[in-house]
Amino acid sequence: MSLAIRLKNAREKSGYSQNEVAESLNISRQAVSKWENGWTCPDIDNLILLSKLYKISVDELLMEDSEVVESNLIDQNISSEKVIENYEPYENFMLIIISVIGCMFPGIGLLVSVAIIIHCKTKKKHLNKIHIVIIIMCFIVNIINAWSWLNSIWFHSGRATIEKVALYIR
């Protein structure tokens, strides 16, 4: 949202007309109109007077809501970018570790790999190419492990025992 729109919204929210604002600031109505249409900007003195008239801070007039939040974070020596930058490598590393550990457990590891892939897609995670390769390799290993585990427990395919051969001969 531009300064012009914020000025107009603040004026309307306060219930003033352009004429009333102009009279309060000892300027012309056309100057107020030019500010609200974005043709010119008020000087600092007028911004201060406008903030007092509208009963809002100069920051609220000059910045959008997200900008106000970011400026408050910067005042506290914490920027949102630094928080994300500091957190993301650790989260990516933990996803890789969980994926690799999941390779040790055939049934659960496949579910873990699928959950990690879904998590990355829904959170729109930007992983390095090496991370993507590792997660895909773990997913493939987990598919192979799950198949061999299921095969050994339920299907028993690939084993030629005397009992199976006898069943097929009859």
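Where is the place of K55? In the loop between α4, residues 44-54, and α5, residues 58-62. Hold on to that residue. We will come back to its backbone.

Good morning, everyone. One caution before anything else: this is a predicted model. Every value I quote is computed from it.

Start with the fold. The protein has 10 helices and 0 strands. Read along the sequence, the pattern is α-α-α-α-α-α-α-α-α-α. The protein has 170 residues, and 26% of them count as buried. Now the contacts. Take those between residues at least 6 apart in sequence: 58% of them join residues at least 24 apart. The accessible surface comes to about 12300 Å². Carbon and sulfur atoms account for 63% of that surface.

Next, the salt bridge. How many does the structure hold? The count is 1. The partners are E36 and R11, whose side chains meet at 2.5 Å, N to O. E36 lies in helix α3, residues 29-37, and R11 lies in helix α1, residues 3-14, so the pair ties together parts that are 25 residues apart in sequence. Are these two residues buried or exposed? E36 is buried, and R11 is buried too.

Stay with E36 and bring in Q18. Q18 sits in helix α2, which covers residues 18-25. Its relative accessible area is 17%, so Q18 counts as buried. The cut-off for buried is under 20%. What does the side chain of Q18 reach? There is a polar contact of 2.8 Å to the side chain of E36. There is another of 3.1 Å to the side chain of R29. Now set aside the neighbours of Q18 within four places in sequence. The residues in contact with Q18 are then R11, R29, V32, S33 and E36. Notice that both salt-bridge partners, E36 and R11, appear among the contacts of Q18. So here is the picture for your viewer: Q18 from α2, with E36 from α3 and R11 from α1.

One more residue from α3. N37 lies in that helix. With a relative accessibility of 45%, N37 counts as partly exposed. Its C-alpha atom is 9.9 Å from the C-alpha atom of S2, and the two residues are 35 apart along the chain.

On to the cysteines. How many disulfides does a search of the whole structure find? The answer is 0. Why is there no bond between C103 and C138? The sulfur of C103 has its closest cysteine sulfur in C138, at 3.5 Å, which is too far for a bond. A disulfide needs the two sulfur atoms within 2.5 Å. From the other side, the closest cysteine sulfur to C138 is the one in C103. Both cysteines are on the buried side of the cut-off. C103 has a relative accessible area of 18%. C138 has 7%.

Now the surface. There is a nonpolar patch made of F93, M94, I97, I98, I101, M104, F105 and I108. Together these residues have about 790 Å² of accessible area. Which helix gives the largest share of the patch? Helix α7, residues 80-102, with 5 residues. F105 is a patch member from outside that helix: F105 lies in the loop between α7 and α8, which spans 106-122. With a relative accessible area of 46%, F105 is partly exposed.

Last topic, the backbone, and back to K55. What is phi of K55? It is near 60 degrees, a positive value in a residue other than glycine. K55 counts as exposed, at 73% relative accessibility. N26 belongs on the slide as well. N26 is not a glycine, yet its phi is positive, about 60 degrees. N26 lies in the loop between α2 and α3. Its relative accessible area is 72%, so N26 counts as exposed.

Quick recap. The helices number 10, with 0 strands. E36 and R11 form the salt bridge, and Q18 is in contact with both residues. C103 and C138 have their sulfurs 3.5 Å apart, too far for a bond. The nonpolar patch takes its largest share from α7. Positive phi values turn up at N26 and at K55. That is my tour. Over to you.

Note on methods. Residues are numbered from 1 along each chain as its sequence is written. This is a predicted model: local features need pLDDT of at least 70, side-chain atom pairs count only at pLDDT 80 or more; totals for chains, interfaces and linings use all residues. Side-chain values use heavy atoms; hydrogens and water are left out. Helices (H or I, at least four residues) and strands (E, at least two) are DSSP runs, numbered from the N terminus. Buried means under 20% relative accessible area, exposed over 50%, partly exposed in between (1.4 Å probe, protein chains only). Contact means heavy atoms within 4.5 Å. Accessible areas come from the Shrake-Rupley method with a 1.4 Å probe; for residues, only the protein chains shown count as cover. Patches are made of residues with over 30% relative accessible area and no salt bridge: like charges are joined within 9 Å, nonpolar side chains (Val, Leu, Ile, Met, Phe, Trp, Tyr) within 5 Å. A salt bridge is a side-chain nitrogen of Lys or Arg within 4 Å of a carboxyl oxygen of Asp or Glu. A polar contact is a pair of N or O atoms within 3.5 Å; within protein, one must be able to donate a hydrogen and the other to accept it, and residues adjacent in sequence count only if both atoms are side-chain atoms.
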